[in-house]
Amino acid sequence: MVGLPFDCLSNPLGAVRVTFERAIASGSDPASFDGRDWGVVDVLRECLFDQGALTQVPILDHQSIRWIQPNSLVRFRGMVQDMLGNEFYVGAFKDGSTWRTNKFADVASFPMGSSSENRIWERRLLHCVPVPGQSSWTMQSSSESVISRSKKWMSQHREKRVREDDAESCSMAPSNEMQDSPPGCKKMREGHCHSLLLHEAVAEVSSSKSSIEFDTDSNCFSCLVKVYDTMESDVKLNDVFEFIGVFTYNPELMIQMDDEVPQDLYEESLVHLPPNKVPRLHCFIQQKLAVHDFILNSPVTEPIPHVIRGAREGLLDHLRSVLGNDCVAAQCVLLHLLSRVHGRVDSVALGKLSLNLTGFNRESISVFGNQLRSAIQSLLPFTQSFPLTVEYLNSASLAPRKDYKTNRLVTGALQMAEGTHLTIDETQLDSGILNSTGISNARLLKNLLECQKVEYDFEYYKMEMPADVQLLILSDGKSNILPADLVLPIQPSVVRPSTNIAPEALQTWRWYLSSVRTLSHDIDPEMQKVLEDDLVAARQEDRSLGSQDFSRLLTMARLISTSFGETRLTFDHWQMAKELERLRKERLKQ
Amino acid sequence: MASDSSPIHSYSSPIDTTNSSPGTASRRRGRPSRSSTATPPPQTPNTSRFAATPDETPIPSSTPSRRRRRGSSGTPMAATPTSTDDADAAPSSEGGEGEEAEEAAPMFVWGTNISVQDVNAAILRFLKNFREGSAKTEWKYMRAIHQVLELEGESLDVDANDVFEYDPDLYTKMVRYPLEVLAIFDIVLMDMASRINPLFEKHIQARIFNLMSSTSMRNLNPSDIEKMVSVKGMIIRSSSIIPEIREAVFRCLVCGYYSDPVVVDRGRVSEPARCGKQECNSSNSMTLVHNRCRFADKQIVKLQETPDDIPDGGTPHTVSLLMHDKLVDTGKPGDRVEVTGIYRAMTVRVGPTQRTVKSLFKTYIDCLHLKKTDKSRLQFDDPVATDTGSGNNREEDPISDYQDRVEKLKELAAQPDIYDKLTRSLAPNIWELDDVKRGLLCQLFGGNALKLPSGASFRGDINILLVGDPGTSKSQLLHYIHKLAPRGIYASGKGSSAVGLTAYVTKDPETGETVLESGALVLSDRGICCIDEFDKMSESARSMLHEVMEQQTVSIAKAGIIASLNARTSVLACANPSGSRYNPRLSVIDNIHLPPTLLSRFDLIYLILDKADEQTDRRLAKHIVALHFENPESILQDVLDIPTLTAYISYARKNIHPRLSDEAAEELTQGYVEMRRRGNFPGSSKKVITATPRQIESLIRLSEALARIRFSELVEKKDVEEAFRLLEVAMQQSATDHSTGIIDMDLITTGISASERMRRENLLSATRNLIMEKMQLGGPSTRILELLEELNRQGNGEILLTDLRNALATLSTEGFVAVHGDSLRRI
């Protein structure tokens with residue numbers, strides 16, 4: 001395709017208009033575009049992915065929002081925190097004799113006569129937040145790169161234009177660039193004029209920097225994403241997505257907030273998400289992200305056996321030094337970090353391996369607990385931790401709860417993305433009285449531990465949402481409130497001050513954890529027979545072994561096997577699993 | 001055309017109707033050649049109840065005002081015979097429709113090919129001619145209209161299924177163009193009403209319900225706008241009642257002149273700029289007189305999807321409902337309802353002062369009819385229980401898909417292996433324990449409760465006790481049943497007190513009255529009360545169960561309240577053996593360690609023991625290995641999901657009431673006699689009771705439940721056989737005398753087996769003999785341990801100290817010996 005008459009990055013709405021008009025001109029009926037794309041997404045895809053412009057698209061976060069200008073293309077990575085239902089809007093309408101579209105826009109760009117013909121379409125509203133517990137290393141790297149890129153990008157434009165404004169201020173670059181562009185089509189001009197007007201209007205409100213005063217900070221940054229033409233099943237609650245779309249900011253809509261009489265028919269949820277706090281994003285393309293999408297600059301793309309083994313050894317060493325030279329604990333932690341729910345049968349979640357490290361007291365927790373926590377934080381993209389105390393249980397709101405006053409899902413500490421790691425420090429727990437909140441919170445945690453499910457409170461009923469959370473419990477004795485799959489008393493021998501790890505090594509380990517974790521796994525029929533025989537023999541010996549113990553053993557075997565990058569369980573690994581379990585049992589008896 | 005006062009839209013609330021309607025009024029007539037003055041559209045003002053509830057809503061004073069308004073608006077109501085809202089309008093003849101068709105040129109609803117006259121005629125035909133009942137003799141709606149007239153009602157409920165049955169075309173039109181068709185519907189009703197009773201002045205509205213298909217809230221999309229939809233959901237919030245002004249009256253502050261009522265137009269009241277009185281004519285002097293204005297109730301209700309409609313990983317959708325007049329407050333938050341209404345959308349203004357219209361629409365449903373539905377758990381109402389007054393809007397359960405579901409269930413029941421299939425479906429993730437599951441299945445279905453005219457009643461509920469080693473998934477079974485049971489309460493023995501289980505009396509802190517609060521057992525009336533850790537329950541709490549489990553009532557006598565509450569509940573309890581692990585060396589009864597009085601009230605007692613059986617171990621191992629390494633979906637057997645299972649059970653409990661066939665009764669008697677005979681060994685002095693009358697009741701209940709499982713109204717021989725088998729399995733596990741291996745009901749009823757009793761008697765006589773031999777009357781005391789050694793030396797087998805103490809206690813009551821601590825003396 002020859003050079004496009006618009007800049008996809010700074011004026012995506014131009015692309016929307018041009019493609020729409022092209023489609024109409026080619027004789028399509030606007031009614032047929034209901035729930036369907038007319039080609040704009042293809043254009044953008046080509047621009048972003050084939051021509052590699054994706055890296056030029058800034059990532060929207062609480063910092064970049066101050067310098068990204070409205071109506072430009074942005075990326076946003078976040079977790080779907082709440083679904084606000086569908087919104088009906090005038091998708092296409094007739095302005096005089098020409099059809100116009102409002103898709104991907106909050107406000108009609110052209111006056112809509114009340115009598116004009118129009119088509120009503122719908123879009124989905126998603127309330128998205130940055131992934132809870134996202135480690136700083138995943139974000140830092142991304143935002144740094146974007147800032148440097150955008151600075152470069154901005155300076156390029158500054159060369160073109162002579163404008164003495166603060167570079168950080170709401171730059172008019174894109175709209176002005178439009179003026180420079182060769183006369184494309186008439187509509188383009190109009191569109192650009194409009195956006196220019198809009199910018200000026202914004203600028204009028206207050207000068208330069210404060211023009212878009214976003215009232216956001218890193219803690220409660222969120223984004224209202226409007227998604228078009230998707231299947232219901234594509235987007236689920238707590239999924240992590242990357243949305244690429246237009247960031248819109250409409251000062252007009254703010255006025256509404258000031259003096260609107262709250263009327264019940266309006267969606268209250270939107271009232272509580274004012275545009276100056278919650279940016280709007282009209283999404284063109286959305287991609288579901290997995291944990292490994294957050295690992296940047298993967299050193300290796302393909303799993304090569306010796307690299308995996310090397311990474312495994314290195315990581316195991318690292319974990320051992322963190323845990324005071326406790327080899328068994330290091331192995332258990334490694335397996336724990338690799339665990340994920342790979343299947344569910346009825347209420348049983350397969351593949352989870354929660355770990356309870358016991359033998360911590362208040363002194364040792366400050367040494368090993370903190371070391372372990374920071375080690376995990378530097379290894380996994382999403383980590384969270386909280387202390388388990390009576391006060392915390394009694395006061396915290398762990399489960400997400402539907403607030404019918406605002407018609408929103410109020411998030412709770414247990415609303416987490418898939419693959420989040422959660423550390424619970426039980427050493428702080430004193431005796432005390434739990435109130436009803438405390439009891440239900442304790443029950444929630446237990447349920448999460450046992451079934452990997454979180455009950456969301458919808459006031460009139462509860463709804464169980466599946467979760468996939470790796471739980472690590474640090475406690476003095478075996479935790480009875482939180483019965484983990486694997487209980488191991490830690491036996492540290494030396495206290496080593498935390499050493500600095502080479503960033504390359506960290507990168508490798510991150511990559512190792514995220515890629516090995518997703519490996520599929522299988523078993524030979526012969527091996528299956530061996531397993532069965534071993535289990536039967538074990539049970540004949542010790543009647544107290546139950547299905548839970550078997551499940552744990554099999555999960556451990558599977559994880560040991562995957563930790564070597566294998567997709568098939570071998571006899572050696574099975575022996576290793578049994579040996580590890582034996583060592584663990586021995587320790588428990590001591 | 002402006003004079004065409006078709007109010008379908010003219011009074012529309014703030015709500016701007018969407019594109020299709022604004023034109024309706026002005027362009028309703030098909031032929032533009034006709035001058036507007038001749039427009040006789042039947043849509044008199046009172047037809048606009050959807051756009052905004054009619055200004056005409058029957059308020060006694062409304063008639064005069066209506067007339068006045070019509071006069072003032074100058075609408076030529078002239079020719080149409082349908083505009084009969086004047087009571088004294090020329091009585092149209094029977095063939096009114098026909099005449100009309102001739103007289104007036106066909107009018108069409110704008111944008112459609114629907115002729116107003118055709119629809120009018122079709123509705124009239126439907127109302128007049130629709131009959132129901134098997135014999136088709138009842139004129140359903142004519143009778144209903146008469147009823148409405150008699151009761152001075154305001155609305156006529158119209159079953160959309162009836163409309164469909166009578167005239168599918170009318171139904172389609174009604175669903176697609178509800179605003180127009182319902183307006184005509186109302187006019188026809190008014191017309192008929194005034195013909196029947198010329199003095200009837202109220203406005204009757206047609207309330208349509210029970211559409212052929214109901215839409216899921218999730219699937220409401222732009223194409224549904226302005227259509228009639230039916231949505232199921234749960235009310236989550238209702239606003240306070242909003243008085244919406246319908247007619248405003250103004251008064252001149254200068255001369256005190258009252259204006260004519262001003263009708264609200266599109267949510268706006270236009271305040272007269274000048275006083276209407278010629279002489280006064282002062283400007284800006286008019287003020288609103290509140291108490292002379294007319295208001296209508298309005299309420300905004302939020303409806304949310306019910307949990308079962310929400311797909312995986314979704315959040316529930318909500319939709320707003322607009323309720324008017326009578327519908328206000330018909331549903332409360334938490335109610336599950338089915339709503340029929342018109343899906344509407346309105347544009348959103350950016351701000352009240354701005355004309356810019358956001359490109360957005362807010363959607364809501366203008367509610368026509370609201371029906372409370374029963375929840376997915378299909379709570380089962382036995383005929384006795386339904387006597388609680390049903391709500392005014394509660395219909396008889398005519399859900400259209402209900403029949404389909406029943407058909408499906410019946411198909412299921414007809415399968416030959418349904419019994420096994422249900423067993424398999426019950427807690428499929430719990431391994432083995434098939435017979436326990438069968439017993440639980442029987443409990444879920446239950447037997448028939450019987451009430452004799454004499455007042456004696458026999459319970460139909462089956463009580464089950466599970467005793468077993470820790471870690472044998474008893475609690476999981478309990479939880480599963482709790483989830484499945486139509487009404488289930490789960491209680492843990494340790495955390496339950498006697499009053500918490502039954503009922504307690506408290507003083508209301510505000511009024512000071514004593515009130516009765518129900519406990520778990522009363523709350524699970526007609527359900528299953530699951531009690532975990534039955535053995536750890538306090539003695540007093542357990543004793544409360546005696547009454548509940550046989551008499552099925554809870555009697556309270558305290559603080560001035562003497563009451564007997566129904567607690568027709570099945571009890572499912574589980575307990576650990578007394579030593580927490582089953583001790584095979586002790587007798588069953590010593591292991592269970594529950595009072596025999598309570599034990600005998602359980603129909604089935606299962607011992608779930610963890611036996612060292614390689615076969616089961618292998619199966620378990622295989623299962624778990626498969627679970628972990630195979631595709632989880634592939635190992636799911638062919639089982640019923642929980643909703644189906646619940647529906648199946650509820651339906652059976654509600655509708656199937658099996659009776660004993662003669663054959664089955666015969667089998668029962670024979671079996672029972674056989675069981676009792678088993679205890680009599682020829683030549684043995686021991687009399688073992690292997691069956692008691694309680695057993696035969698249990699057997700009847702079990703066989704009834706088994707018949708229910710098959711949806712059979714008759715208990716057959718095979719049911720009885722299976723019941724015997726189940727009972728025997730349960731008894732073999734619990735009531736087998738450890739020392740002889742024979743089923744011994746004495747174990748359950750008295751706690752002591754017959755052989756044990758024999759042993760005790762032997763010991764007693766041996767002790768007596770020994771004491772007679774060795775000790776003199778009034779002689780020195782002897783230590784009990786010495787006595788024990790002596791007895792053992794005599795070769796009476798191993799005798800325990802406790803047994804000896806028991807024997808001595810018996811002897812001391814006879815006055816034969818005196819026991820002081822460790823020593824005894826003969827007296």
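**Two sheets, one strand at a time**

Both faces of strand 16 of chain A are covered in this predicted model: Val469(A), Leu471(A) and Ile473(A) on one side and Gln470(A), Leu472(A) and Leu474(A) on the other are all buried.

Trainee: Why is strand 16 of chain A largely enclosed by the rest of the structure?

Mentor: Let's look at its residues, 469-474. In a regular strand, side chains alternate between the two faces of the sheet. Here both faces are covered. The strand is largely enclosed because the number of its residues that are buried is six of the six.

Trainee: Which residue of strand 13 of chain A stands opposite Leu474(A)?

Mentor: Good one to trace! Strand 13 (residues 420-425) pairs with strand 16 of chain A in the parallel sense, over six bridges. Strand 9 (residues 355-358) of chain A also runs parallel to strand 16, joined by three bridges, and there Leu357(A) is opposite Leu474(A). On the strand 13 side, the residue facing Leu474(A) is Asp425(A).

Trainee: In chain B, which strands stand at the edges of the sheet 27-29-28?

Mentor: This is an open sheet of three strands with antiparallel pairing. An edge strand here has a single partner strand, so one side of it is left without a neighbour in the sheet. The strands in that position are strand 27 (782-783) and strand 28 (817-820).

Trainee: What angle does helix 28 of chain B make with strand 28 of chain B?

Mentor: Helix 28, residues 801-813, packs on this sheet and touches strand 28 and strand 29 of chain B. Comparing its direction with that of strand 28 gives about 125°.

Note on methods. Residues are numbered from 1 along each chain as its sequence is written. Chains are lettered from A and ligands numbered from 1 in the order in which they are written. This is a predicted model: local features need pLDDT of at least 70, side-chain atom pairs count only at pLDDT 80 or more; totals for chains, interfaces and linings use all residues. A residue is buried if 20 or more other C-beta atoms lie within 10 Å of its own, exposed if 12 or fewer, and partly exposed in between; C-beta atoms are placed from the backbone. Helices (H or I, at least four residues) and strands (E, at least two) are DSSP runs, numbered from the N terminus. Two strands pair if DSSP finds at least two bridges between them. Two residues are in contact if their C-beta atoms, placed from the backbone, lie within 7 Å. Axes are lines fitted to C-alpha atoms, for helices over the stretch in contact, and angles run from 0 to 180 degrees between N-to-C directions.
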